[in-house]
Amino acid sequence: MKKRVGILTSGGDCPGLNATLRGVAKALYQRMGENVELIGISNGYAGLINGDWRVMEPHEFSGILTVGGTILGTKRTPFKLMRVVEEDQVDKVAAMKKNYQEMKLDCLLCLGGNGTHKTANLLAEEGLNIIALPKTIDNDIFGTDVTFGFHSAMEIATEAIDRVHTTAGSHSRCMVVELMGNKAGWLTLYAGIAGGADIILIPELPYTIENVCAAIERRAAQGKHFSILAVAEGAMDAKEARMKRKERMAKRAEQGYTTATNRIARQIEALTGIETRICVPGHMQRGGSPCPYDRVLATQFGSYAAKMVEDGNYGVTVAMKNNHVGENRLKDVAGKSRLVPEGHGMLEVARRMGISVG
Ligand code: F6P
């Protein structure tokens, strides 16, 4: 019996989505030949709600290993609104179930991050056959050691830190590099170490500006008249950490900023007298070709998912555990996230290297 397999990419894009689509498709066609048909759903869950889908041809998955973005398109459809009927009067969950039936799917593959996993779990609870694959540059999906997209973003973020080193040195300045990561600091921590940052600030460890400036002044006293700060966009000081998110955001909006980096730069100048500049690589961290590590990971994850389809192993998400590709039950991981815990080995490495972590 032919299997009809739906596939979608949801949430923020990242390098490696196409490589994963290709991994899934090639392995499926290889294993099941004429006995499988892939249905591409456009723009994530939005396409599943609106019935925006098409039967894919095998050739569409060729030549995309190295291509950034996603050939299916993606969109953020917040999980918290999935059960909320908005102005358009659409019952989203009912619409997704109806379209799943209309497409005559045997299963649906959902490539995405934490939000995507929550909706994937919801659909599994509603009785659909779901397989998820963990994507995100934030590397914060519970139950997997790594997600595809993370290593590519780390390379880009590291290059940004590398490049500001010379200009910081030439001008005897501090450079504050703002990296992506609202709740999770993995990208900043790893890129900061890879790029030789002097100070790393992540959301999980609130900083004090006094500690930050003390680290800069210690370097200056050693004759190092420049410093590089790798700062996650979600970094916050100890005072902000005591506030509710809404209150924190309102306070920042009052100051005219959305992230801490501008304020950090101003405070460094005021407290140390060292000229300071900001660099925000932003969405560049999500753009372009996946690095070789992510291409391999995408192919490992994709081909593993193909085997799950063949075996009818549903309600699960693919995971990397201690260098082995495996899986987790969606219900065990959905709604949890993997943040940098105090005492994590990489924080210890940073501290041993004399890097200030706030
Ligand atoms: O989840 C990935 C991510 O890049 C986060 O690091 C960042 O906070 C967010 O997405 C940005 O989202 P958007 O592309 O919607 O601005």
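**Notebook: ligand site and pockets**

I began with the ligand and looked up His283, where an N or O atom of the side chain lies 2.8 Å from an oxygen atom of the ligand. I note at the outset that this is a predicted model, and I read the distances below with that in mind.

Staying with polar atoms, I looked up Arg76 and found a polar atom of its side chain 2.8 Å from an oxygen atom of the ligand. For Gly181 the atom concerned belongs to the backbone, a polar one, and it is 3.3 Å from an oxygen atom of the ligand. I then checked how much of the ligand is covered: on its own the ligand has 400 Å² of accessible area, and the protein covers 71% of this.

Next I listed the surroundings of the ligand, which consist of Arg76, Ile137, Asp138, Met180, Gly181, Asn182, Glu233, His283 and Arg286. Sorting this shell by class, I get four charged, three polar and two nonpolar residues.

Which pocket does the ligand take up? I find that the space taken by the ligand is the largest pocket. I looked up the volume of the largest pocket and noted about 1200 Å³ of space. The largest pocket is lined by 40 residues, and those closest to its centre are Arg76, Asn114, Gly115, Asp138 and Lys183. Arg76 and Asp138 thus appear in my notes both here and among the residues that surround the ligand.

For the lining of the largest pocket I also went through the helices, and I see that H4 (114-125) and H9 (245-255) each supply at least two residues. With five residues, H4 gives the most to this lining. By class, I recorded 15 polar, 14 charged and eleven nonpolar residues in the lining of the largest pocket.

I then turned to the second largest pocket, in which about 240 Å³ of space lies. I noted 13 residues in its lining, with Asp237, Lys239, Glu240, Arg263 and Gln267 lying nearest the centre. The elements that give two or more residues to this lining are the helices H7 (209-221), H8 (238-241), H9 and H10 (261-272). Which helix gives the most to the lining of the second largest pocket? I find that H8 does, with three residues. H9 is therefore a helix I have entered twice, as it supplies at least two residues to the lining of the largest pocket and two or more to that of the second largest pocket. My last entry is the division by class for the second largest pocket, whose lining has six charged, four nonpolar and three polar residues.

Definitions and conventions:
Residues are numbered from 1 along each chain as its sequence is written. This is a predicted model: local features need pLDDT of at least 70, side-chain atom pairs count only at pLDDT 80 or more; totals for chains, interfaces and linings use all residues. Side-chain values use heavy atoms; hydrogens and water are left out. A residue is near a molecule or strand if one of its heavy atoms lies within 4 Å of it. A polar contact is a pair of N or O atoms within 3.5 Å; within protein, one must be able to donate a hydrogen and the other to accept it, and residues adjacent in sequence count only if both atoms are side-chain atoms. Accessible areas come from the Shrake-Rupley method with a 1.4 Å probe; for residues, only the protein chains shown count as cover. On a 1 Å grid over the protein atoms alone, a cavity is a set of points where a 1.4 Å probe fits but cannot get out, and a pocket is an open set with protein on both sides within 12 Å along at least five of seven lines; lining residues have an atom within 4 Å of a point. A molecule sits in a cavity or pocket if more than half of its atoms lie within 2 Å of its grid points. Ala, Val, Leu, Ile, Met, Phe, Trp, Tyr, Cys and Pro count as nonpolar, Asp, Glu, Lys and Arg as charged, and the others, Gly among them, as polar. Grid points are joined across faces, edges and corners, and a volume is the space filled by probe spheres set on the points. Helices (H or I, at least four residues) and strands (E, at least two) are DSSP runs, numbered from the N terminus.
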